[in-house]
Amino acid sequence: MKSTRRGFLSLAGSGGGAGAATLHAISARGREAWEAENGFRGAPVFLPPPEADEIRISSNENPLGPGPAAVEGLRAAYGSIMRYPMNAATSDTDLRRKIGGMFGGGPEHVVLAPGSSEILRNAVRVYTGPGRALVTAECSYENPIRTANWMGAPVKAIPMTGGLGLDLDKMAGAAIGAGLVFLCNPNNPTGTVHTLADVTDFVNFVKKESPYTAILLDEAYYDYVTHPGFETGAELAMKHRDVFVGRTFSKAYGMAGLRVGYAVGQAGTISKLAPLALTFGTSVLSIGAAMASLEDPDYIRNEVRRNEEARKFTLDFFSSHGLDPVPSETNFVFVDIGRSAREFREACAERGVFVGRDFPPYENSHARISIGTLDEMQRATAVFAEVLGLQATDNQQQ
Amino acid sequence: MLSRRRFLRHASAGAAGLYAATMVRSRLREQYAFAAEMGIQPEEAINLANNENSLGPGDEVMDAIDSVLGPEGVIAGRYPFRFLGPATEAIAEKFGVSTDNVLVGAGSTQILVDATHQYASADKALVGSLPTYEECFGYAALMGYRTKAVPLTPDFRMDLDQTLHAVKGSGMLFYCNPNNPVATLVDPSDSKDFLTRALDTEKDLRILVDEAYIDYVTTPGHETMIPLALENPRVIVARTFSKAYGMAGLRIGYAIAHEDTIAELSDFHMGNSVSIPALVAANAALERDRSNPDFLPDEKKRNAEARDFILKFFRDRGLSATDAQTNFIFTDVGMPVEQFQAACAAEGLRVGRPFPPLWTRCRISIGTMDEMQRAATKMARVLDSAMKMAA
């Protein structure tokens, strides 16, 4: 069998073989669990049909799905279903133009992808290699590390700060001479954020000291942030070469099932990423839904408020029971449960509640729990209390 | 319930997008910069440029999408995994294979890229005809892979003898049959024998058989290469829902191959690339195949009638076309194709782009009979006016 590892352009990858595919049924786990275990494998994954009363809070999905305007936009695109995206009534270029306009640019500043995973993967393919390291955090979204391993690129995974934030100073130091920095802000799975001022200092430093190092600002959870100092890094992307922001419609926009993500940056940056993008990777129905969702900011505002309320309830539950959740700016919480995430996950699953996978190096202490509806979180926290044997430590917990 | 009439009304509204400016990709794959502002009424526009099926996927499929989404579309908030299994099983069942023999992608495009990535390289050439569908060659060019493009025979068929020479030392043969854009088929009595000889000629060779247009083949005796693919791990068959199934906008296709080969493709394949509506639609379409075995044959017949009509139109004008086995024809238009394309665009008709090096031949997709009749009127004006200019 020919080796299946192949680097970008002439750079031969040297990652190890992953062995034969074992396409076993994966139940009660989300996308990330599957990706973490399967690397690039896209082979069939079989999930059982949903049970009516199960609570899936494992994949950081919006439990309510897209807003009414988005669903209407999807249905309005039915008439284009037989057309390739460039021929659709609302085309891929229309969506790119719309998104580009949001950042003061045009379609040439945007590349679409079927989810932001492809953006992350292609960023690593373009900017890293055997002599060009990936810089990331020790506990962050792992997708870039897997691609870097596959590319044969060195990985510098910088340990977290005490509060489980990104150690921006150490990451900046590691970035000098590196190929790509993956800066996930807010960070998955820890839920922490860094202010625009700090990110600006970081980008300015790296681009000054190491002009050829690219920076991917992953803002998948951008919409959920309520921290006043946080803002998008898109202006930095438009200002600096090889700096770009990754976004997705899978989170607050409630379209994980529709597969739309994008990167925004200078036209020259995007032109490096775009050739690797799947040809017509995004469906016309998804384009219609995404386009319409951008015209309905009220839905996102309400979703953020809804999430914030359910998040606060969940965080309060843990702190009032003597646990120490990381303050979250996302639609998930990362909490020190003082035992293995796996045991917790399996015990919860037996009770119909599905929570996040292991996140090394905290797999023996922390669990990531997505924020469902308030009702779901009320039912889920009752299960957590039972599984963890928790007693309320004060009266705040209802 | 989405009625056919309502669906077609949606469809004609969709045509408004024809003249939305399209973006030129910076690579070989598709060069679409064309007809941005033609000032034509959308309902009069006809798109015969991209081998789409104007009729769409049909009511059963639209209803399935609509009902899975429900009034509020809540399910769209969930990742698609639970829908991938059933779609994969339905594909496997269609061909009586195991789900380990199936890989679902965002259109067969993704399968083509997966295979090119895995089996061609800077040392091991990608082999294909010149011209053929560009996706594999586009990716190979981007990656700096070696390529060998084999010119067609004078009757626009794949040159099997020359291809056998070219596969020596090569990594992958892209075998698009029927062949896009020239619409021709390898003689059914030669096809399997040729593939076997190619595999014997080069022991490391992989063959990607692109069967995107197989549902439109009317030559008796033509067979799928799926049995060969199941038997020989070096053969992959790519299929799509974009053509006869009318779902180009949903982006779903698949590979059928030996399970070891599917595992190799999966190693590079980016999973989670296909949306819930696409997976639901594929499942519904295959379910309809079981309950209504006439659906695909009827679509083939409908296409063949419209194809015969437009082939006769060109034949009557003394312009020769190839023996089309697809939902498009490839015909001499008696002038540079860019000139023909621009003149048709001015008539509100989009036809295929140039396919170098065949500069005076045009690829024209098959729409409905009504569309082909209206297109013929427009093309008659274009051809007549060119003749007058020449006279």
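Two residues are in contact if their C-beta atoms, placed from the backbone, lie within 7 Å. On that basis, helix H3 (residues 81-95) of chain B lies across S2 and S8 of chain B. The helix runs at about 125° to S2(B). The model is predicted.

**The sheet under H3 in chain B**

Strands S2 and S8 of chain B belong to an open sheet of 7 strands. Its order is S2-S8-S7-S6-S5-S3-S4, and the pairing is mixed. Strand S2 (102-105) and strand S4 (147-151) of chain B stand at the edges. Each has a single partner strand, so one side of each is left without a neighbour in the sheet. On average, neighbouring strands of this sheet are turned by 25° against each other, direction ignored.

One pair shows the detail. Strand S7 (residues 235-240) and strand S8 (residues 253-257) of chain B pair in the antiparallel sense. The pairing runs over 5 bridges. Within this region, Ala238(B) stands opposite Ala255(B) in S8(B).

**Two domains in chain B**

The domain assignment splits chain B in two. Domain 1 is made of 4-57 + 294-390, and domain 2 covers 61-291. Between them, 30 residues of domain 1 of chain B are in contact with 32 residues of domain 2 of chain B. On the domain 1 side that touches domain 2, helix H11 (295-316) and strand S9 (328-332) of chain B each supply at least two residues. H11(B) gives the largest share of that side, with 6 residues. By class, the same side of domain 1 of chain B has 14 nonpolar, 9 polar and 7 charged residues.

**Chain A in outline**

Chain A holds 13 helices and 12 strands. Of its 398 residues, 61% count as buried. Contacts in chain A with a separation of 6 or more were also sorted by distance along the chain. Residues 24 or more positions apart account for 72% of them.

**Backbone exceptions**

Most residues other than glycine have a negative phi, and most peptide bonds are trans. Both chains hold exceptions, and the table lists four.

| Site | Feature | Value |
|---|---|---|
| Asn185(A) to Pro186(A) | cis peptide bond | omega near 0° |
| Pro356(B) to Pro357(B) | cis peptide bond | omega near 5° |
| Arg259(A) | positive phi, not a glycine | about 60° |
| Ala183(B) | positive phi, not a glycine | near 75° |

Where do these sites sit? Take the cis bonds. Pro186(A) is in the loop between strand S5 (180-184) and helix H7 (196-209) of chain A. Pro357(B) is in the loop between strand S10 (349-351) and strand S11 (361-365) of chain B.

The positive-phi residues also lie in loops. Arg259(A) is found between strand S7 (243-248) and strand S8 (261-265) of chain A, in the loop. Ala183(B) lies in the loop between strand S5 (172-176) and helix H7 (188-201) of chain B.

Is Arg259(A) buried or exposed? A residue is buried if 20 or more other C-beta atoms lie within 10 Å of its own. Arg259(A) has 31 C-beta neighbours inside 10 Å, so it counts as buried. Ala183(B) has 26 C-beta neighbours inside 10 Å and therefore also counts as buried.

Conventions
Residues numbered from 1 in each chain as written. Chains lettered and ligands numbered in written order. Predicted model: local features only at pLDDT ≥ 70, side-chain atom pairs only at ≥ 80, totals over all residues. Helix = DSSP H or I, 4+ residues; strand = E, 2+ residues; numbered from the N terminus. Buried ≥ 20, exposed ≤ 12 C-beta atoms within 10 Å, placed from the backbone. Pairing = 2+ DSSP bridges. Axes fitted to C-alpha atoms, helices over the stretch in contact; angles between N-to-C directions. Domains from an automatic or database assignment. Nonpolar A, V, L, I, M, F, W, Y, C, P; charged D, E, K, R; others polar.
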